[in-house]
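Please go through this structure with me and explain on what grounds its residues are given their labels.

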Amino acid sequence: MKIISRIISPVFFAGISLFSCKTDKPPVPYGALPSEDQIKWQKLEYYMFVHFGPNTFTDVEWGDGKEDPKVFNPAGVDCRQWAATAKAAKMKGIIITAKHHDGFCLWPSKYSAHTVRESPWKDGKGDILKELSDACREYGLKFGLYLSPWDRNHPAYGTNGYNQVFANTLDEVLSGYGEVFEQWFDGANGEGHNGKKQVYNWDLFHKTVYRNQAHAIIFSDVGPGCRWMGNEKGIAGETNWSTLNTEGFEPGRGAPSVEILNNGEQGGKAWVPAETDVSIRPGWFYSPSTDDKVKTVEELMDIYYTSVGRNSNLLLNVPPDRRGRIHPADSMRLMEFRKAIDEAFEENLVSGSEARSGETRSGAQYRPDNILDDDYDTYWASKDDSLSPSIEIEFKKSATFNRLLLQEYIPLGQRVSSFSVKYRDEEKGGWCELTKATTIGYKRILRFPAVTTDKIKIEFNALAGPVISAIGAYKAREQLSAPVIERDKAGLVTIGSKTPDPVIYYTTDGKEASVNSIRYQKPFAMPQGGVIRAIAAVEDGHRTSEAVTVSYDMAPAKWVVVSPDTDGASNAIDGSSRTFARIGKNDALIVDSGENLTLKGFSYTPVANVEAANVSVYDLHVSMDGQNWTKVKSNAVFNNIRNNPAPQNVLFDKAVNGRYLKFSPVESTNKSDACVVAELGVITR
Ligand code: FUL
């Protein structure tokens with residue numbers, strides 16, 4: 001018997017191993033798929049947006065096309081400095097606003113009379129696109145173009161002829177400056193200088209792009225190359241499909257809802273991945289008034305996690321200043337941001353681990369441990385019929401981590417619809433819930449409080465057997481949150497923090513805050529306004545947060561709402577932007593400040609939500625007695641307030657004396673009949 005088994009066993013086991021060596025066919029691609037160009041584009045992950053033009057000098061977000069081209073006169077344009085900064089930040093390219101809504105061309109276009117040629121810059125002989133494309137080539141960066149079809153200057157805008165003018169303009173830029181990796185089409189479409197709107201010929205525009213740049217990715221609300229993800233705050237959907245149904249939709253007002261753009265659509269017929277465009281400052285163009293409002297590293301890291309970490313590329317706007325250089329406040333912040341990303345993802349704790357899954361396809365190229373190498377093109381693939389497989393990773397030794405990174409192999413489609421992560425905790429008795437999420441796509445990063453374990457298990461739910469390129473675990477340093485400064489109606493300032501029990505230091509004299517500044521102990525009064533700078537500190541001041549700066553004008557302490565006489569109307573002057581008043585269109589919000597003021601301007605705080613009925617067009621009157629009114633603003637526009645609902649500070653041409661303010665909404669961002677006012681304020685300082 002023994003002899004027989006000795007003879008049989010090797011044959012038997014050879015048979016098994018021969019059998020297990022059988023290799024399954026590669027997984028069948030699922031649903032809409034990315035093109036090769038889209039895959040290359042997705043791997044860029046992070047690149048720079050540059051808003052530069054007359055608005056840089058006139059301090060507006062949307063120029064009206066009537067600005068004198070002479071305002072464009074930067075003293076020291078240095079596109080190599082932009083490229084060097086992008087390179088040092090490990091961004092992969094730069095997209096520039098070649099032509100914004102004002103129609104001003106940053107190159108001497110033969111199709112426009114509103115260009116750098118008409119400006120005093122380099123005696124009209126300069127060409128920003130030439131300088132920047134050369135600099136990008138020198139620094140090994142990709143070069144991309146933003147061109148707004150909406151043109152508030154061009155005489156042909158609003159006529160049939162304009163579409164061809166725009167196509168010619170595209171032709172000119174796309175053939176003149178070498179390779180263009182992305183063509184950015186802004187969906188905003190307002191009136192031209194003649195009050196007319198344009199029906200765009202997108203088909204003609206797209207053909208023009210592809211004729212010149214066959215591999216360019218076309219951005220718009222609905223692609224076709226990549227899509228706007230629905231807000232300008234840097235927050236892509238937690239669920240983010242790269243697929244979308246685009247038939248019957250158009251960029252701009254004809255686009256699907258912002259919610260759909262934010263989430264994509266499961267089973268969508270086209271592959272249109274998300275791109276997150278967001279500015280490092282409150283506005284898209286440079287303004288000296290925002291030098292101290294550059295986003296903190298904490299905010300930028302949040303944006304990184306809600307964009308790159310949610311299956312979206314990140315297009316971060318860094319607007320050059322009036323010299324034509326990136327301002328030190330922005331470049332310093334970019335370097336700190338880079339350092340924080342690099343530190344967070346420096347060490348992948350899964351290296352040297354073992355990965356196992358019982359639902360793996362046969363064949364070495366599908367093995368679970370393919371997720372552990374650095375090669376995106378190797379993957380673990382489950383069997384065709386296993387739509388809910390799991391994979392276990394056993395660490396070499398017990399590890400502590402607070403980030404998990406997962407990547408699907410997108411050339412075979414986006415397949416995972418949800419997954420949950422468990423970790424082994426012997427003391428608690430086995431597997432414990434760690435976190436769960438929905439989609440993965442090209443890259444997904446999850447954040448959670450640090451956990452220590454030797455083993456994790458990920459359970460997937462998928463539309464087709466999951467194909468996973470990478471799973472990584474990291475221990476990122478938790479940022480010490482910057483203080484949050486708030487002031488109430490009476491003018492009482494409170495400074496808090498998300499970090500438990502920090503010590504907060506602040507200044508009110510304009511000086512930088514440090515651990516030697518005033519220690520915050522209790523709320524303090526600032527009814528007349530001023531500047532507050534604050535930092536938070538822990539570990540006896542050895543670790544400090546980033547500094548925040550907030551400027552206040554006078555508090556609405558004595559103010560009352562005269563009209564409308566509705567519940568909640570006083571929310572517009574309660575000092576809190578979390579509450580809001582509703583004002584009927586064609587109605588007015590009248591406020592009595594209780595004293596005669598010298599008004600340099602006013603401020604309107606919208607509700608910070610793209611879908612809110614914020615005021616986009618308004619009239620403003622001022623009065624001494626609440627009877628006789630002076631019109632200070634008529635049919636005035638809050639530019640780009642729909643996409644970027646940020647506080648608006650409006651300066652008057654000259655100061656006006658008054659006690660009463662009448663704010664009359666004319667149009668709202670979502671065309672509804674009632675508009676919202678989170679806060680109305682004055683500028684007196
Ligand atoms: C928006 C524009 O209206 C803004 O001015 C900015 O250029 C942003 C990137 O796109 O739609």
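The questions and answers below take up two residues and then the nonpolar cores.

Q: What kind of model is this, and how are its residues numbered?
A: This is a predicted model, in which local features need pLDDT of at least 70, side-chain atom pairs count only at pLDDT 80 or more, and totals for chains, interfaces and linings use all residues. Residues are numbered from 1 along each chain as its sequence is written, and side-chain values use heavy atoms, with hydrogens and water left out.

Q: Why is His100 called buried?
A: Buried means under 20% relative accessible area, exposed over 50% and partly exposed in between (1.4 Å probe, protein chains only); His100 has 7% relative accessibility and therefore counts as buried.

Q: What makes the pair His100 and Tyr146 a polar contact?
A: A polar contact is a pair of N or O atoms within 3.5 Å, where within protein one must be able to donate a hydrogen and the other to accept it, and residues adjacent in sequence count only if both atoms are side-chain atoms. The side chains of His100 and Tyr146 are joined by such a contact of 3.3 Å.

Q: Why is Thr360 buried or exposed?
A: With a relative accessible area of 13%, Thr360 is buried.

Q: Which side chain forms a polar contact with that of Thr360?
A: The side chain of Trp380 does, at 2.9 Å.

Q: What makes a set of residues a nonpolar core?
A: The set must consist of buried Ala, Val, Leu, Ile, Met, Phe, Trp, Tyr and Cys residues joined through side-chain atoms within 4.5 Å. The largest such core has 75 residues, and Ile94 is among those with the most contacts inside it. Apart from it lies another core, of 30 residues, including Trp380.
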